[in-house]
Structure formats: C-alpha cells, structure tokens
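Reader: I am a first-year student, and I would like a close look at one part of this model. Could you take me slowly through one sheet and what lies around it, and then place that part among some other features?

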Amino acid sequence: MTLDLSRQDAVREAASAGIPTALADLGALVRIPSIAWPAFDQSAVVRSAEAVAELVRGTGVFDRVEVARAAIPGTDEVGQPAVLASRAARNGRPTVLLYAHHDVQPPGDDELWESPPFEPTVRDGRLYGRGAADDKAGVMAHVAAVRAVSEALGDDLDLGIAMFIEGEEEYGSRSFGQFLSDHADVLRSDVIVVADSGNWDERTPALTVSLRGNARFTLTVRTLDHASHSGMLGGAVPDAMLATVKLLATLWDDDGAVAVEGLHERDAETPAYDEQTLRAESGLLDGVSPIGRGTILSRMWNKPSITITGMDATSVEAASNTLAPQTRVVISARVAPGQKAEEAFAAIEAHLRAHAPFGAHLEFADVDCGDAFLVDTSGYAVEDVRAAFADGYGVESVDVGVGGSIPFIADLVAEFPGAQILVTGVEDPHSRAHSPNESLHLDTFRNAVVSEALLLARLNERSA
C-alpha cells in the first residue's frame, strides 16, 4: 500500500517531534520496579499498569481504556494487571491490535549495574535501566506511534486500534489465554503487532519471522535418603552431585551440540553472520570457542539448545565433607520451529531417564512448554511493515529468526486464527535484556516509533 507523500511527511514529522516526550514518559515508567514475581512488591506492578493506562488515555484516541485482570486457569488466583484499550474501526477500515508488556525482569545484582537499575540514565546515546528496552520501550513505541498518527491524520484516522499491555510476560503470562478469551470481542483484530523482539543492529530494522519454542522444567536427582560423611563413604556411595554432573553431561556432544534423540532441527537459510560478530554481541571471552555445528545463526534460530539456568547445591561458603543426597536443577530447552514443545520435553525426559547413572532417582516438576512460531509472510501487513521500516529507518529491513521464545503467540493464533501477526521490536544486539546494564539505543527507538506510525498510517488506507 502506497502512502501519499504529504501524509507520509506529516506522520513522520509528528512522530519525530514526539520523541522527547516519549523518552520522558519512558523514563518515568522505568522508575517503577514492576516485577511480577511474587517475591517482589506487587503494588509496583499496579502503579505501572495505572501509569500506562494514563498514557494511553492521554492519546485521546481510544473509546475505552481500563486496567483489567483475568483468572489464572486451574487456580483460585488472578493474573497481574494489564491495560486494555480500544477504538472501533470506521468506514470499512481494518483493526490492529498493539501488544507489549509493562512488567520487567528482576534487576539481579545491583553491583553489576553501572547506574541504578530503576534510575533511567543516558550514556553514549543509550538509555540504561531495567525495562528501558524490554519492554517498556515497546509500550512507548505503541503510545508514541498512536499519538503521531492521531495528530497527523486527525479526523481521517479511521483505523480500528486495540491495545493490550500485559503485566506478567516475564512471569509466564499465566492469565494470558484467559484474558484473550474474556476480552475477545475487544481484541479481535485483522493485524496484531507484537513489539517484543529485536532488530538486526542499531541501524537496520528486523521483522521476526520465526521463534523457537521452549520447554522448561525442574529436575531433582536423588541417590541417598540422608547425607553422609564423604570421607567415610566416598568412593563407594554415589552422591547426588556426582550423578547430576554425569547425567547433565549426556545432553551435549563434544562440540556442545544437543545430543538428545528426538529433538528436531529446521532446515532454513540464514543471513551472513560471522564468529567475530558473535563474539562482539555475546561477550564471549578470548580463547573460549562457540559451540554447535552449522552456520552460527542456524544454531541460534533453527536448532534446539539446552541450558542449565539454575541449580540448588551446597554453596562454596557452606561446603562440608558431605555426600549430598539430592540436587535440583532448572533446565531450559529451546525448541526448533516445526516441533511441538511438549514433544521436545518428552524426548528430553526420556533421554534423562535412560541415562540416569547408578540408578539415580529422577523427578520432574514445574514443566512449562511453549510452542515455536513461524510467521506467514504472504499477507498485506508484512508488505506494509516492510515498507514502513524502509521509510522509517532509511534502510531495508531484514527477516530474522529469534532464538528466544514468545510462547503466548500460540494463544494469539488460537484465539484469532485469521489475524496477521507482526513481531517487531526496539531492541538491538547490545540491549542486554534480562541482564545488568539493560539499555535502549535512542536512535533505534526514534526510528521504531516513526516506522510504527507509518505502518498505522498505511493500514489506515486498507480495507478490512
């Protein structure tokens, strides 16, 4: 869809002019430590939702704006507060749903931050703070784009717009599916923009067209019914740590590639990406080699991976000459596009049970599976977003896969099977989402806002 040049210029100017205000609003959101995990202050999540709702109301575009919660299926609990907003389409125009999340990861060790995690700080063209990129920048990209297109188009804005700003994405989106079901009539859309991914680099936009799935679980390994003296019995009795180390080592081969029978790979081409780039973006230490086989991007986009993300064991400070009776580990597997996550989990469970050393007892708990996602790139929305990216960033976009997972997209597909889904974002390879010193590249944010405003203007020219 071609956008009239005068209208395109008006939208671009409005979006660019609104960036200082958008960044100020983003800074205010970053100051709210909206961590959805129950160990943290839950009133901050409520304050964050209310602050986002007020920003959405301030656009003057929506007929309805509210903070809402949904039940968590299978429990007596309700989920974290989300912001729901909508305006009806006019004159036969389509409706677009804008998704982002206002909750954030815990900050981790404050000493690893160069500036306080909840005090937004600008250094070298980047805004630092927890949530500055993931995903309060996505929230503000939506708000700023709506502001711009409303200002530029005025009464000619006929596009239907719904907004869903979730409050528990970093805590498993436990009420997500129920929220969609409860508000299906409001959220049903022709196009869905999920602003929770990343770009190729600071200058080049990306459309995410594939995402790996995930299978996460807690494994308990037991060998003894009580702790024993390691000197008296060591060498004859297998402790749980020995069994755990030997068991976990079977998950990978000598190249670090996953060695679990039944885990699939996707056969798809990847763009050029060399080891030097990987080292620069990951912080891989000198002398430490990458793992796996095949092109580097295929390892991260199209093949499975398994990571041990947590372990309960005696700490170094508390170490004693004791044979530990049990250990617990959290295993996080990423599943290649094309394979169901539950099938992948079953393969990993079967592998671990088959390889348990010394007859160690295994228990599996807290299983969380989310399916991979492949974008249908044949619809008009993909055409429009690529054109908007080219106009907003000044360079052509790149179609990318992402090694991470956004499991709730499967819920969107199930609830709204006819919708075209666009996965976009404001992050770049140096954003360090989920890590200390998370940051947002300011020029990337500006270009992302301009691009999304141009996308909305293009969709405003479409017929539903």
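Author: What follows begins with the sheet and its strands, and then turns to two helices, a strand residue, a pocket and a cavity. Please keep in mind throughout that this is a predicted model.

The sheet is built from 4 strands, which lie in the order β11-β13-β9-β14, and it is an open sheet with antiparallel pairing. At its edges are β11, residues 305-312, and β14, residues 361-370, each of which pairs on one side only. If you look at how the strands sit against each other, neighbouring strands are turned by 20° on average, with direction ignored.

Two helices pack on this sheet. Helix α8, which covers residues 240-249, touches β9, β11, β13 and β14, and its direction makes about 15° with that of β13. Helix α11, residues 341-354, also touches β9, β11, β13 and β14, and the direction of α11 makes about 165° with that of β14.

Now take the strand β13 by itself, and follow its pairings to either side. Strand β9, residues 213-222, is joined to β13, residues 326-335, by 10 bridges, and the two run antiparallel. Within that pairing, Ala215 has Ala333 of β13 as its bridge partner, and Leu219 stands opposite Val329 of β13. The pairing of β11 with β13 is antiparallel as well, and it extends over 7 bridges; here Asp312 stands opposite Arg328 of β13. Because 7 of the 10 residues of β13 are buried, this strand is largely enclosed by the rest of the structure.

One residue of β13 deserves a slower look, and that is Ile331. Its relative accessibility is 0%, and therefore Ile331 counts as buried, the cut-off for that word being under 20%. If its neighbours within four places in sequence are left aside, Ile331 is in contact with Ala215, Arg216, Phe217, Leu219, Leu248, Ile306, Thr307, Ile308 and Leu352. You can set Ile331 beside Val367 too: these residues are 36 apart in sequence, while their C-alpha atoms are 9.7 Å apart in space.

Let us now leave the sheet and turn to the helices α2 and α3. Helix α2 has 12 residues, numbered 19-30, and it reaches 16 Å from its first C-alpha to its last, which is close to the 16 Å expected at 1.5 Å a residue. Its buried residues are Ile19, Ala22, Asp25, Leu26, Gly27, Leu29 and Val30. When you read a list of this kind, it helps to recall that an α-helix has 3.6 residues a turn, so residues three or four places apart point the same way. The elements that cover the buried residues of α2 include α1 (5-17), α3 (43-58), β5 (126-128), α4 (136-153), β18 (439-441) and α14 (442-459).

Helix α3 can be checked for length in a similar manner: its 16 residues should span 22 Å at 1.5 Å a residue, and its end C-alpha atoms are 23 Å apart, which agrees. In α3, the buried residues are Ala44, Val45, Ser48, Ala49, Val52, Ala53, Leu55 and Val56. Among the elements covering them are α2, β1 (64-68), β2 (82-87), α4 and β6 (160-166). After α3 comes Gly60, whose phi is positive, near 70°.

One residue of helix α2, Gly27, can also be set against Thr121, which lies in strand β4, residues 121-123. Thr121 and Gly27 are 94 residues apart in sequence, yet 8.5 Å apart in space from C-alpha to C-alpha. Apart from its neighbours within four places in sequence, Thr121 is in contact with Ser115, Arg126, Leu127 and Tyr128.

Finally, consider the empty spaces. The second largest pocket has a volume of about 190 Å³, and its lining includes Phe373, Leu374, Asp376, Phe416, Gln420 and Ile421. The elements that give two or more residues to the lining of this pocket are β15 (373-374) and β17 (420-427).

As for cavities, a search of the whole structure finds 3 of 30 Å³ or more, and the largest of them has a volume of about 110 Å³. The largest cavity is lined by 13 residues, of which Phe389, Thr424, Gly425, Ala448 and Glu452 lie nearest its centre. At least two lining residues each come from β7 (191-198), α12 (380-393), β17 and α14, and the largest share, 4 residues, is supplied by α14.

Technical notes
Residues numbered from 1 in each chain as written. Predicted model: local features only at pLDDT ≥ 70, side-chain atom pairs only at ≥ 80, totals over all residues. Heavy atoms only, no water. Pairing = 2+ DSSP bridges. Axes fitted to C-alpha atoms, helices over the stretch in contact; angles between N-to-C directions. Contact = heavy atoms within 4.5 Å. Expected span 1.5 Å × (residues − 1). Buried < 20%, exposed > 50% of the residue type's maximum accessible area, 1.4 Å probe, protein only. 1 Å grid on protein atoms, 1.4 Å probe; cavity = no way out; pocket = protein on both sides within 12 Å on 5 of 7 lines; lining within 4 Å. Points joined across faces, edges and corners; volume = space filled by probe spheres on them.
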